[in-house]
Structure formats: C-alpha cells, structure tokens
Amino acid sequence: MVVLSEKKLDYIDSDNSECIVSKNIVDNENLENADVIVCCRATTIRLANLELQNLKMIQLTSAGFDNVPIDRYASKGIMVANAGSVYSVAIAETVVYGMLQMAKRYRKNPNKHLFRLTRGYKYITELYNKNVIILGAGSIGTEVADRLLGFGMNIYGYDLYCKEKEQYKHIYRRRDELIGALEKIDYIISTMPDTPETKSFINKELLSGAKNSAVFINVGRRNVINESDLYDLLKRKCISGAVLDMFEKIPNPITNKFRRLNNVIVLPGVAAISNEVNIRLNKHICNNIILLSKGKNPENIVNNIGWGK
C-alpha cells in the first residue's frame, strides 16, 4: 500500500505500507500509485478532477471538511475520512481558558499591582451556577460541557442533529427557541461547523436576544459569524465581551479591529494546537491506514463510502 502524505507519520504498523512525505502531492511522481492520500482540505479540491485509479481513501488532517468535494469522491468510490475528535480536548481547554480570563479579569494585566480599592473587584465573577449555551453539541461541544460541569455550571446546547446528552439540561433544535433562551444565558459558546445552514448564523438578530452581561466565545468555524454585527454589538456594549479564536477572514494582527475593543480577547487561531494533538492525529491517521490495509472500514468516513457499501 502506497501512502502519500503532506505530514510526517511516525509509524504505520503494516509491512505492506510505504509512506512518502511530500509537500506538493498534486505534482508528486507517485500520485498515480497512491492508495491513500493524507492532506489538507485545499489539496482535496485540486485532486478532485484527477483520475486516480488506485486511490482508495483520502485522509484529512482536519476535523472540518467544508469545501471538500466529498460527493465527487463518493461517485468515484473513494472514501474521505476526517480527523474525528482529535482536536476536541485542546479546543475545550481553550474555551475554559477564555471564560476564566473574562470572569476573573485576568486580561486587565495581572502584573499591575494596584491598591485594593482600585483593582475593580466588583467586576470579578465566578463560573459557578452560571448558565452557558454551547452552539454545536457534537464532539467539541461535549468536551467543553464535560469540563464546565466541574465548575457547577448549568449547560444548555443548540444542535439540529445530535441526540440528547446527559451533560446538557436541554438541547434546542429551533433558532427561534434559541433566541428566546438567550435572555438567561451568561456564556454563549460557538463550536459550529461551516455549512450552508450555519453561514452568518451568529448575527445581530441572534445576539440581540442576549443579556448585556453575556460573553460570546467562538472556537467554531469563521463563516458562522457576521463580523460586522458582532463588532457593532461589542462596541456598543450590548453584550459584555467576547473571546475570538476564529474570524470570517483571517485578519492582519495589527489591523484587526476587534483588538481595539477593550472587552474582547483575540486569540491567533490557536485553540486546536497542542503537542498532544499532534500525537493523537498521528495515531488516528496511522490507525485508519492500518484498518484500510486489512480490508476494514476506517474511522470517521464522512462521505458514506466503505467496504461492503
């Protein structure tokens, strides 16, 4: 089995597998012989129009598969697998970090030791018994919920497809119900994917239902947010603040207008990054290659193709 990969794989426990690492897979001389291609979403678009007779599976290095032409690959009998829950723990921990930053006012320079009366203690809050809603109650959202349970928070969710889960007091299914529920919510967390249903889902109409003390946190896909609406609401203090790790367009750090708002924490797209993520991703990819080499279905196939289907 020939594996052509954009990233170095530390091990493939199969005597019949050969891994070739290449940064430019499309022009690689081994492309026509590849049984498995490990790549990012952008590469899948370039590969989609090629006739690759040997190709059995494309393994994405991302959990998201928006813009990947999965139906075109399905018509060719090629499996497409994503990274599953590989990034969920790192993202969930970033959410908790952002919430504590906002609640404890750590962003107000903890090294500036002011007298007690001028430190603004009246603004410091606890997470305990606060209400939080997680938009997107899948793998990432549930990892977030697991951690927030330890803080004694009341957790709600919004998701069109996932079943009810014990971590959530209730999962809303309709947008109008969600807007009505926001009046009691202290933290609004988006882990939503980029789909036609979610584009600009978070806008003025939605967030106008939130109370002024609410904090918005985005670790979901960037196209979910209408940035103009969000900026306006934050600037006018219609919501208390935000922690933003993803944007509609990747901004220049210097010109990013959200950085000029004193109630916003801007993260440089690092929520999914950790040393442990790299280890989990490597194991996930290699395990899928092993399963494929043994004639078994790999995990996290996103285009409903597999052995025996």
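In this predicted model, helix α4 places Ile-140, Gly-141, Thr-142, Val-144, Ala-145 and Leu-148 in buried positions. These buried residues pack against helix α3 (88–104) and against strands β6, β7 and β9 (187–190).

The neighbouring helix α3 is a good place to look next. The axes of α3 and α4 lie 8 Å apart, and the two helices pack at an angle of about 50 degrees. Angles from 35 up to 65 degrees fall in the oblique class, so α3 is oblique to α4. The crossing of α3 past α4 is right-handed. On the α3 side, the contact involves Ser-88, Val-89, Ile-91, Ala-92, Glu-93, Val-95, Val-96 and Met-99. Their counterparts in α4 are Ser-139, Ile-140, Glu-143, Val-144, Arg-147 and Leu-148. Ile-140, Val-144 and Leu-148 are thus found both among the buried residues of α4 and in the contact with α3.

Turning to the strands, α4 (residues 139–149) joins β6 and β7 in a right-handed β-α-β unit. Strands β6 (residues 131–135) and β7 are paired in the parallel sense through five bridges, and Leu-135 has Tyr-158 of β7 as its bridge partner. Strand β7 also runs parallel to β8 (residues 170–172), to which three bridges join it. Here Tyr-158 appears again, standing opposite Tyr-172 of β8.

Strand β7 itself (residues 154–158) is mostly covered, with five of its five residues buried. Asn-154, Tyr-156 and Tyr-158 are buried on one side of the strand, while Ile-155 and Gly-157 are buried on the other, leaving both faces covered.

Notes: Residues are numbered from 1 along each chain as its sequence is written. This is a predicted model: local features need pLDDT of at least 70, side-chain atom pairs count only at pLDDT 80 or more; totals for chains, interfaces and linings use all residues. Side-chain values use heavy atoms; hydrogens and water are left out. Buried means under 20% relative accessible area, exposed over 50%, partly exposed in between (1.4 Å probe, protein chains only). Helices (H or I, at least four residues) and strands (E, at least two) are DSSP runs, numbered from the N terminus. Two strands pair if DSSP finds at least two bridges between them. A crossover is right-handed if, with the strands pointing away from the viewer, the path from the first strand over the helix to the second runs clockwise. Contact means heavy atoms within 4.5 Å. Axes are lines fitted to C-alpha atoms, for helices over the stretch in contact, and angles run from 0 to 180 degrees between N-to-C directions. Angles under 35 degrees count as roughly parallel, over 145 as roughly antiparallel, 65 to 115 as roughly perpendicular and the rest as oblique. A crossing is left-handed if the near helix is turned anticlockwise from the far one by less than a right angle, and right-handed if clockwise.
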